Amino acid sequence: MIHDKRGGDSGGGDGDWHEGEDRQGLLAGGDYGHDDGGSSKEVAAPNGGELPQVRTPGRVRFNDVPEVVRMSTASSRRSGDSLDGVDHDDHDPRSTLDLEDPLRDDHDDHRRPLLTSIEAPSVALANDLDDAVEQELRRPKSGLQSAFMNMANSIIGAGIIGQPYAIRQAGLLAGVVLLVGLTAVVDWTICLIVINSKLSGTSSFQGTVQHCFGRGGLIAISLAQWVFAFGGMVAFGVIVGDTIPHVLLAVWPGLPDVPVVGLLTDRRVAIAVFVMGVSYPLTLYRDIAKLAKASTFALIGMVVIVATVLIQGLLVPSEAKGEFSLPLLTVNTGIFQAIGVISFAFVCHHNSLLIYGSLRTPTIDNFSRVTHYSTGISMVACLVLALGGFLVFGDKTLGNVLNNFPSDNTMVNVARLCFGLNMLTTLPLEAFVCREVMQEYFWPDAPFNLRRHLVLSTGLVAAATFLSLVTCDLGAVFELVGATSAVAMAYILPPMCYMKLTTRSWRTYLAGAIVVFGGLVMVISVIQAVGKLVNNTDAPVKCQ
């Protein structure tokens, strides 16, 4: 093909292009015998050879079948080289130009890489990303069953033992309705957290809320997550002190008289030894997937607890049973406090993205399946335990229903042991969340640091252990933590983010209704819980 192009000066000097001379195109090769209109001519070489055709500057000719030729740099060309051994610099206009000449074949010239010791920034970034991806892929992952174990254990943790107390606060009829209805709401808002994360392009609950509401949202969600998870750690420590010493005394009545070991019958010593000796090492894990086996053991222990309450509830002496009034059987005045207790049990929003990220195939469908099974089975377990405990103890139902049974009941003591061990394996789940929240807030872009990991893990477990030593009222912990952080995470922040990230539809109106409900519950529950503590409405709980 021929393309006409009118050009001017080539750069001056005697290297000017001469009108009528033909030059060969850079990729041309093969037969040049055809003419494009008389603009080329043959020039005989001095030795009788034939010089290449020379093209005029007004035309560029491309061969139909271009051939690949070796490229050499202009700076490496030696003056006087030619294809036939004759110096044609005076006749070759290219000799005056600093161009790569593909017609020259200097076999001793090679293309040499420049700055070989310096890596391009884009290559360095790509290598860093590859290392990060490879490191992430090496971290332990879990299947649907293991993820279900972790989520169900997070839901059925300490909160299940307080469900009879929630029924007492709300009344039987209202309590059952609340338990079923709130399960459905919690199930939806757990899934909303992952959906919101996808819509906002973030990888954490904190990041999603910050994306939607800025710095104020980040502070609110960080505080809610941390308070809820840390409150759970304190509650688990209280439960350890309420259960394990009873079991040790039942198995070994003379244990208090044994030097050193007998100290384990004191609730404070038991809390310190078992939490720091069992829960603390599990907290040092970095990946939540490694807790799947511990969660499986904890769920088996929960089955034992539910069966114990149902069986031993039928054998309780009459003097230990409570009485029932019309409010207790229908709707009681503590309905909003009951919402807080139920919410404390079912809220696992703070570690939902950790569980989602631990899946081998992290898709919304897989996570929704895990969530539906976890919340459904947890609801059945909580409902059975709540009815089994409340229908026996009535107005005498305590925050920890196992404390309603005598201390010398062997089967109940086995249940206490299971429950205490369950708390020891569930406490690390909450510590994971506290640590993650602090790292996301204070060091959002910092790489993993072992020293910081150890300091945060140790400080969290030690602080929770200390607070559990000075409090015994598990019901108060459930009410206050459930009415504040649990309500914010379950009923306020996820629906608000969803409304911010999506277009208006019936789902956004439903989300708005849940936000209003959550706000009312939070305000009324906090007022009632604080008023009860100030006025000593319930008898003060004594540490046993």
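Helices here are DSSP runs of H or I with at least four residues, numbered from the N terminus. Keep that in mind for the exercises below, and remember that the model is predicted.

**Exercise 1. Place His349 in the fold and say whether it is buried or exposed.**

Solution. Start with the labels: His349 sits in the loop between α9 and α10, the latter covering 352–358. Next, check the accessibility. Buried means under 20% relative accessible area, and His349 comes out at 1%, so it counts as buried. Now look for a polar partner: the side chains of His349 and Thr189 are joined by a polar contact of 2.7 Å. Finally, go round the neighbours, skipping residues up to four places away in sequence. His349 touches Val186, Thr189, Ile190, Ile193, Phe205, Met489, Ala490 and Pro494.

**Exercise 2. Work out which residues Phe205 touches, and what part it plays in the largest nonpolar core.**

Solution. Take the contacts to begin with. Setting aside residues up to four places away in sequence, Phe205 touches Ile193, Ile221, Gln225, His349, Leu353, Met489, Leu493 and Pro494. Then turn to the core, which has 98 residues. Phe205 is among those with the most contacts inside it, along with Met151, Ile160, Ile161, Met233, Phe346 and Phe419. Helix α5, residues 205–251, gives the most to this core, with 15 residues.

**Exercise 3. Find what the side chain of Asn196 pairs with, and say how covered this residue is.**

Solution. Asn196 is found in helix α4, residues 172–200. Its relative accessibility is 2%, so Asn196 counts as buried. For the pairing, go to Pro494: its backbone oxygen lies 3.1 Å from a polar atom of the Asn196 side chain. Leaving aside neighbours within four places in sequence, Asn196 is in contact with Thr208, Pro494, Cys497, Tyr498 and Leu501. Pro494 also turns up on the contact lists of His349 and Phe205.

**Exercise 4. Take helices α9 and α2 in turn: how far does each reach, and how many of its residues are buried?**

Solution. Do α9 first. This helix runs over residues 335–346, and its twelve residues reach 17 Å from first C-alpha to last, close to the expected 16 Å. Ten of the twelve are buried, so α9 is largely enclosed by the rest of the structure. The buried ones are Gln337, Ala338, Ile339, Gly340, Val341, Ile342, Ser343, Phe344, Ala345 and Phe346.

Now α2, residues 144–155. Its twelve residues reach 16 Å, close to the 16 Å expected. Nine of the twelve are buried, leaving α2 mostly covered. Those nine are Ala147, Phe148, Met149, Asn150, Met151, Ala152, Asn153, Ser154 and Ile155. Met151 and Phe346 are also among the residues with the most contacts inside the largest nonpolar core.

**Exercise 5. Sum up the whole chain, and mark where you'd hold back from a detailed reading.**

Solution. Count the elements: 15 helices and two strands. Of the 544 residues, 47% are buried. Among contacts between residues at least 6 apart in sequence, 82% join residues at least 24 apart. The chain exposes about 26,700 Å², with carbon and sulfur atoms supplying 63% of it.

Then confidence. The mean pLDDT is 76, and 70% of the residues reach 70 or more. Over residues 71–103 the pLDDT is below 50, and this stretch has 52 contacts in the model beyond near neighbours in sequence. Residues 112–126 are also below 50, with two such contacts. Where pLDDT is low, the predicted coordinates shouldn't be read in detail.

Definitions and conventions:
Residues numbered from 1 in each chain as written. Predicted model: local features only at pLDDT ≥ 70, side-chain atom pairs only at ≥ 80, totals over all residues. Heavy atoms only, no water. Core = buried A, V, L, I, M, F, W, Y, C linked by side-chain atoms within 4.5 Å. Buried < 20%, exposed > 50% of the residue type's maximum accessible area, 1.4 Å probe, protein only. Contact = heavy atoms within 4.5 Å. Expected span 1.5 Å × (residues − 1). pLDDT = per-residue confidence, 0-100. Areas by Shrake-Rupley, 256 points an atom, 1.4 Å probe, with all protein chains shown as cover. Polar contact = N/O pair within 3.5 Å; in protein donor to acceptor, adjacent residues only side chain to side chain.
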